[in-house]
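Please look at the sequence and the structure shown below. The paragraphs that follow go through some helices and then some single residues.

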Amino acid sequence: MTVDPNGGDVNGNRGYHSPLREHQARQTRARVVKAAHGLFLRDGYPATTLAAVAEEAGVSVHTIYGAFGSKVALLRKVVDAAVGGDDKDVGILERSGPQAMRQEIDQRRQLEMFAAGMAGQLERVGPIDAILRSAATVDPEAAALREDIQLGQRRQAMRTVVGWVAARGPLRDGMGCEEAAAIVWTLTSPEVHTMLGTAWGWSSQRYVTWLADALIAGLLPDRAT
């Protein structure tokens with residue numbers, strides 16, 4: 001078949017595009033992710049089957065394989081939705097909150113905004129990270145996924161955030177961005193958030209205040225007196 005520049009073939013047939021079908025497919029994927037999220041939390045990752053997810057979501061297992069490819073790929077989408085707070089295909093640092101922090105000219109205000117955003121993100125991600133951590137002990141693919149998220153994606157995100165802060169002024173004692181990123185990565189870990197929130201019973205606001213103060217003290221020069 002020969003294709004013409006208008007998107008059809010020489011017989012006048014055009015490529016089929018259906019916004020309604022795309023919208024329905026997106027809704028189906030979101031329903032599957034929501035179902036998987038609930039079952040992973042309730043039953044754990046190893047015990048949750050794709051058949052159970054399919055039944056909960058009201059779709060076929062074939063549909064899940066067609067949309068996600070595998071159980072661990074579905075787990076990744078569940079994590080992504082928890083990080084972003086929705087199913088939009090937008091990188092976390094490209095969203096309005098991080099971009100507003102990037103544009104802020106005051107370094108201390110940048111870190112306060114970052115702390116507030118991280119608190120909300122960690123409240124969503126914490127339960128899923130616990131599932132992912134337990135899954136990693138029995139499933140090599142889940143272990144590789146968590147390593148990619150924690151040592152790859154999250155580490156790189158912290159480097160980017162530190163770069164935004166360093167662009168607005170010097171860091172403490174000539175600190176390099178790599179060292180600063182290590183500090184931010186550690187302070188914003190799901191483990192620290194869980195310890196303070198669960199073991200010590202801190203409220204979200206107390207965590208935000210502590211995190212902002214810790215980041216400012218650890219990364220920025222003292223204010224001139």
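A residue is called buried when its relative accessible area is under 20%, exposed when that area is over 50%, and partly exposed in between, using a 1.4 Å probe and protein chains only. This is a predicted model, in which local features need pLDDT of at least 70, side-chain atom pairs count only at pLDDT 80 or more, and totals for chains, interfaces and linings use all residues. Residues are numbered from 1 along each chain as its sequence is written, and side-chain values use heavy atoms, with hydrogens and water left out.

Helices, named α here, are DSSP runs of H or I with at least four residues, and strands are runs of E with at least two; both are numbered from the N terminus. Contact means heavy atoms within 4.5 Å.

Val161 is a place to begin. Val161 lies in helix α7 and is buried, with a relative accessible area of 4%. Setting aside neighbours within four places in sequence, Val161 is in contact with Leu93, Met101 and Phe114. Met101 is 60 residues from Val161 in sequence, and their C-alpha atoms are 8.8 Å apart in space.

Arg146 also has its place in helix α7. Is Arg146 buried or exposed? With 14% relative accessibility, Arg146 counts as buried. Its side chain makes a polar contact, at 3.0 Å, with the side chain of Asp129. A polar contact is a pair of N or O atoms within 3.5 Å; within protein, one atom must be able to donate a hydrogen and the other to accept it, and residues adjacent in sequence count only if both atoms are side-chain atoms. Apart from neighbours within four places in sequence, the residues in contact with Arg146 are Asp129, Leu132, Arg133, Leu151 and Glu191.

Asp129, Arg133 and Glu191 appear again where helix α6 meets helix α9. On the α6 side are Ala119, Leu122, Glu123, Asp129 and Arg133, and on the α9 side are Pro190, Glu191 and His193. These contact residues divide into three nonpolar, one polar and four charged. In this grouping Ala, Val, Leu, Ile, Met, Phe, Trp, Tyr, Cys and Pro are nonpolar, Asp, Glu, Lys and Arg are charged, and the others, Gly among them, are polar. The axes of α6 and α9 (residues 190–199) come within 9 Å and cross at roughly 105°. Axes are lines fitted to C-alpha atoms, for helices over the stretch in contact, and angles run from 0 to 180 degrees between N-to-C directions. Angles under 35 degrees count as roughly parallel, over 145 as roughly antiparallel, 65 to 115 as roughly perpendicular and the rest as oblique. The two helices α6 and α9 are therefore roughly perpendicular to each other.

Gln121 lies in α6 as well. Gln121 is buried, with a relative accessible area of 16%. Not counting residues up to four places away in sequence, Gln121 touches Ala82, Val83 and Ile92.

Ala82 and Val83 are among the buried residues of helix α4, which also include Lys71, Leu74 and Val78. The buried residues of α4 pack against α1, α2, α3, α6 and α7. How far apart are the end C-alpha atoms of α4? They are 20 Å apart, which agrees with the 20 Å that its 14 residues (71–84) should span at 1.5 Å a residue. The expected span is 1.5 Å times one less than the number of residues. At the N-terminal end of α4, Ser70 acts as a cap: one of its side-chain oxygens lies 3.2 Å from the backbone nitrogen of Ala73. After α4 comes Gly85, with a positive phi near 85°.

Asp173 has a positive phi too, of about 50°, although Asp173 is not a glycine. Most residues other than glycine have a negative phi. Asp173 is found in the loop between α7 and α8, and at 74% relative accessibility it counts as exposed.

Two residues of helix α10 complete the walk. Leu219 lies in α10 and, at 1% relative accessibility, counts as buried. Aside from neighbours within four places in sequence, Leu219 is in contact with Leu111, Leu171, Arg172, Ala180, Ile183 and Val184. Ala217 is in α10 (residues 204–219), and its 46% relative accessibility makes it partly exposed. The C-alpha atoms of Ala217 and Ala35 are separated by 42 Å, with their positions 182 residues apart along the chain.
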